[in-house]
Amino acid sequence: MSITVKSRIHPFPAERLEAISKVLGDTGSGLTGTQIDQFLLNCRIPNPTPGITKWQRLYNAFIEFQNEHQLGNHVIVFISRAMDPARYVSEPNVFRSRRDQLNSVLAFCGYMLGEDGKVRPVLAARTIDQALERANRLHAALIQRSVHADVLAFCKSELLEENYFHAVFEAMKSITTKIRLLSGLSGDGCDLVHDAFGQKFGDPLLAISPLKTETHRGEQRGFMNLLKGLYGTIRNPLAHDPKVEWDMTEQDALDILTMISLVHRKLDQAYRLRT
C-alpha cells in the first residue's frame, strides 16, 4: 500500500533527514544542484540556503519545512518525484543504486521505496543488517529463488555488502565443507570430489543415487563433472586471481549461487555407501 496525499507522516529524526539528504545530494552519484533546486520548487519546499553544498542545501530545506509544519510529508513527496522511474529510462542502474541507498535509510523510518518509485510503509528495521538486507537486490532475488540456506549462511555478510566476488568464493567453500562432513575426508577441490564420489563408480564413498542402473551411474558422473567444473571455473580462479581481474557482475553471482544451491540439494540426498 503506497502512501496517499492525505496520509500524515510523522516528522523524521534529524539524523535520518541528514542521511537521506546525503544520498540524494551525493557529490558523485546524487542529484545535480539544478535538479535539487527544481524539485524543491515543484514540491513547494522553500530553499533557505541556495548555492551551498548540495546535501546541506537539501537538509536545510527539509528540516526547516518540517520544523514549521511538524510533518514529514514533504520528504516523501520529494523522494517520490525525484525517484520517478520515468526519469531513469536511459540510466536504470542509477535508479537501482540510488533506490538501494535510500532504502537502507528509509528502512529505519518504517518505509520502503518500490521499483515503481512509490514509498510504502513497512515494519521499521532495528539493525544495520536488517536495513541493508532489505535494500540488497541480490539477496532478495536469492530468497525468491529459494536458494539453499547453506549458501546464504556462508556468504551473508558479503551479500549485504554487494561483494559479489567474495560472496561466490565463500559460497564455494560451503560445498567443500559439506562434502567433508558427509565423507569424513579432509581433501579439497577436484581431489576431494574424486575421493568422495569415486573415479570408478563401482566403489564410491558417497553417491547421489542408488547406482543400480546406467542412468543412476550417469547421474553420478554428471554430478562429479558439475562439481569439477565449479571448482575449475569458479573456485580456483577466485582463489588465485586478484578481484580486479574478475568482472563479477550481479547476474553472474546470481546464476553461480543458484547452481551452488542445486549442488547442496543433491548433497543433502547423498548416500554414504561405505566407511
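**Stop 1: α1 and α4**

Select helices α1 (14–24) and α4 (73–82). The two pack at an angle of about 20 degrees, with their axes 12 Å apart. Axes here are lines fitted to C-alpha atoms, for helices over the stretch in contact, and angles run from 0 to 180 degrees between N-to-C directions. Helices (H or I, at least four residues) and strands (E, at least two) are DSSP runs, numbered from the N terminus. α1 and α4 are therefore roughly parallel to each other. That term covers angles under 35 degrees; over 145 is roughly antiparallel, 65 to 115 roughly perpendicular, and the rest oblique.

This is a predicted model: local features need pLDDT of at least 70, side-chain atom pairs count only at pLDDT 80 or more, and totals for chains, interfaces and linings use all residues. Residues are numbered from 1 along each chain as its sequence is written, and side-chain values use heavy atoms, with hydrogens and water left out.

Now look along the crossing of α1 and α4. It is left-handed, meaning that the near helix is turned anticlockwise from the far one by less than a right angle; clockwise would be right-handed. Show side chains L17, I20 and L24 in α1. They meet V75, F78 and I79 in α4. By class, this contact has six nonpolar, no polar and no charged residues. Ala, Val, Leu, Ile, Met, Phe, Trp, Tyr, Cys and Pro count as nonpolar, Asp, Glu, Lys and Arg as charged, and the others, Gly among them, as polar.

**Stop 2: α2 against α4**

Keep α4 and add α2. The angle between α2 and α4 is about 125 degrees, and their axes are 10 Å apart. That makes α2 oblique to α4. The crossing of α2 and α4 is right-handed. Pick I36, F39, L40 and N42 in α2; across from them are F78, R81 and A82 in α4. The contact of α2 with α4 divides into five nonpolar, one polar and one charged residues.

**Stop 3: around α2**

Select α2 alone, residues 33–42. Which of its residues are buried? G33, I36, F39 and L40 are. Buried means under 20% relative accessible area, exposed over 50%, partly exposed in between (1.4 Å probe, protein chains only). The four cover an arc of only 130 degrees around the axis, which puts them on the same side of α2. The arc is that of the directions from the helix axis to the C-beta atoms. Bring back the neighbours: the buried residues of α2 pack against α1, α3 (54–69) and α4. Contact means heavy atoms within 4.5 Å. Turn to the other side of α2 to find T34 and L41, both exposed. Step just past the end of α2 to R44, which takes a positive phi of about 60 degrees.

**Stop 4: S261 and H148**

Jump to helix α12 (residues 250–268) and select S261. At 4% relative accessibility, S261 counts as buried. Leaving aside neighbours within four places in sequence, S261 is in contact with S146, V147, H148 and V151.

Follow that contact to H148, in the loop between α7 (137–144) and α8 (149–160). H148 also counts as buried, at 10% relative accessibility. Not counting residues up to four places away in sequence, H148 touches K178, S261, H264, R265 and D268.

**Stop 5: the whole chain**

Zoom out. The protein chain has twelve helices and four strands. Buried residues make up 43% of its 275 residues. Among contacts between residues at least 6 apart in sequence, 60% join residues at least 24 apart.
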